[in-house]
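Trainee: Hey, got a minute to walk me through this one? I'd like to learn how to read a fold.
Mentor: Sure, pull it up and ask away.

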Amino acid sequence: MKVGDLVTYKHGSDKTQGIVLYVQKQYINSGKPERARVHWSKPFFSYEELDDYLDWVDDLEIISESR
């Protein structure tokens with residue numbers, strides 16, 4: 001998963017889509033990213049309230065990869 005990928009949740013009836021804004025690893029050079037900041041088409045909450053909210057990469061499915 002990388003910045004610019006179009007994603008949705010793997011498990012869920014509402015296939016809301018979002019764009020990955022940035023990814024975060026637990027440690028530098030520790031392998032694949034663990035968390036992702038996603039800008040959702042239908043936000044589940046106010047971004048101002050939870051500005052540091054990150055989704056787990058394992059819960060997301062890539063719909064379309066960025067270049």
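Trainee: How many bridges join strand β1 to strand β2?
Mentor: Two bridges do that, linking β1 (residues 6–9) with β2 (residues 18–24), and the strands run antiparallel. Keep in mind that this is a predicted model.
Trainee: Okay, so which residue in β2 is the bridge partner of Leu6?
Mentor: That's Ile19. Right beside that pair in the sequence, look at Val7: it stands opposite Gly18 in β2.
Trainee: And how many bridges join β2 to β3?
Mentor: Six, and β2 runs antiparallel to β3, which covers residues 35–40. One spot to click on is Val23, which stands opposite Ala36 in β3.
Trainee: What holds paired strands together anyway?
Mentor: In general, strands of a sheet pair through backbone hydrogen bonds, either parallel or antiparallel.
Trainee: Zooming out, in what order do the five strands form the sheet?
Mentor: The order is β4-β3-β2-β1-β5, in an open sheet with antiparallel pairing. The edge strands are β4 (55–56) and β5 (60–64), and each pairs on one side only.
Trainee: How many helices does the protein have?
Mentor: Zero, alongside the five strands. Along the sequence you just read β-β-β-β-β.
Trainee: New topic: what percentage of the 67 residues count as buried?
Mentor: 25% of them do. The protein's accessible surface is about 4900 Å², with 51% of that belonging to carbon and sulfur atoms.
Trainee: And what share of the contacts is between residues 24 or more positions apart?
Mentor: Counting contacts with a separation of 6 or more, those account for 41%.

Notes
Residues are numbered from 1 along each chain as its sequence is written. This is a predicted model: local features need pLDDT of at least 70, side-chain atom pairs count only at pLDDT 80 or more; totals for chains, interfaces and linings use all residues. Side-chain values use heavy atoms; hydrogens and water are left out. Two strands pair if DSSP finds at least two bridges between them. Helices (H or I, at least four residues) and strands (E, at least two) are DSSP runs, numbered from the N terminus. Buried means under 20% relative accessible area, exposed over 50%, partly exposed in between (1.4 Å probe, protein chains only). Contact means heavy atoms within 4.5 Å. Accessible areas come from the Shrake-Rupley method with a 1.4 Å probe; for residues, only the protein chains shown count as cover.
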